[in-house]
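Reader: I'd like a close look at one part of this model, namely the chain as a whole fold. Could you talk me through how it is put together and how far to trust it?

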Amino acid sequence: MISLKKEEWFSNIRTDVLAGLVVGLALIPESIAFSAIAGVDPQVGLYASFCIAVSIAFFGGRPAMISAATGAMALLMITLVKEHGLQYLLAATVLTGIIQVIAGSFKVAKLMRFVSQSVVYGFLNALAILIFVAQIPEMQKMDATGYLFVAIGLAIIYLFPYLPKIGKTIPSPLICIIVLSGLALVLGSDMRTVSDLGHFPDTLPVFLIPEIPLNFETLQIIFPYSATLATVGLLETMMTTTVVDEVTDSESDRHQECRGQGMANIVSGFMGGMAGCAMIG
């Protein structure tokens, strides 16, 4: 068993490192943006993405799938944060994880076989449209140089994979980030950066217990949000699992993934992060 685990974790180190770099660099601005959507401090999204991504690597059942704070989940938190504050959101996140662990134990994931392929494709296309629309306000703040950088970035992402040998070795989004960042520094371009979206935390996440009254009234407040977050999180996770299964031509343990998502959200809630799920992007 130990040798099998070692083979799973260390069989493709180069690809894992490259993939980790791409995802890590992309998650920082995304996490801050999702925090803004939910109406919380940027560090809440950053803590969530860190805690969930690390936790799911140990508790999950689908290799090659990234879980963190997501836009779909952030949208469901707006009212709770606005009316009751961050501490209730952290408590709701913990309860979300508990519900997902229970769902995984009762093998709720098997119901995904009743979801048609057209629903999965519709979800993917709708999410792509929402992501594009969310970028429009940021694009409106750019000057001509910004639009030039967008064009160069798209060209690198879509054309670089066609280069012989190297195009299939290094992920094109990583090349795009490095090249455009270098160009911005060399040209001294006045471009918006990640720091313009919010402040980075100056400490690592620490264990904390949400400061809320432990009574039935609190449960009445957070349970509807937690049930909704748990449902949406598992739906997006199972759809993402289906896509990754097809791309990698492998089979995942969906029930373990459900339980893993729950454990990751419990960890996130106790470490000051908000709820998340698998990132289909």
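Author: Here is a walk through the chain, starting with confidence and ending with charge. Keep in mind that this is a predicted model. Averaged over the chain, pLDDT comes to 84, and 93% of the residues score at least 70. That confidence isn't spread evenly: helix H1 (residues 2-10) has the lowest, with a mean of 58, while helix H5 (residues 86-105) has the highest, at 94.

Now for the build. You'll find ten helices and two strands in the chain. Reading from the N terminus, the order goes α-α-α-β-α-α-α-α-α-α-α-β, so three helices come before a strand, and another strand closes the run. The radius of gyration is 20 Å, and the globule rule gives 19 Å for 281 residues, so the chain is as compact as a globular protein of that length. If you boxed up the C-alpha atoms along the principal axes, you'd need roughly 60 × 45 × 40 Å.

What about the contacts inside? Take those between residues at least 6 apart in sequence: 81% of them join residues at least 24 apart. As for burial, 38% of the 281 residues are buried.

On the outside, the chain exposes about 15,900 Å², with carbon and sulfur atoms supplying 69% of that area. Finally, the charges: there are 14 positive and 20 negative ones in the chain, and the mean positions of the two sets sit 9 Å apart.

Methods
Residues are numbered from 1 along each chain as its sequence is written. This is a predicted model: local features need pLDDT of at least 70, side-chain atom pairs count only at pLDDT 80 or more; totals for chains, interfaces and linings use all residues. Side-chain values use heavy atoms; hydrogens and water are left out. pLDDT is the predictor's confidence in each residue, from 0 to 100. Helices (H or I, at least four residues) and strands (E, at least two) are DSSP runs, numbered from the N terminus. The radius of gyration is taken over C-alpha atoms; the globule rule is 2.2 Å times the number of residues to the power 0.38. Buried means under 20% relative accessible area, exposed over 50%, partly exposed in between (1.4 Å probe, protein chains only). Contact means heavy atoms within 4.5 Å. Accessible areas come from the Shrake-Rupley method with a 1.4 Å probe; for residues, only the protein chains shown count as cover. Lys and Arg count as positive and Asp and Glu as negative; His and the chain ends are not counted. The place of a charge is taken as NZ of Lys, CZ of Arg, CG of Asp or CD of Glu.
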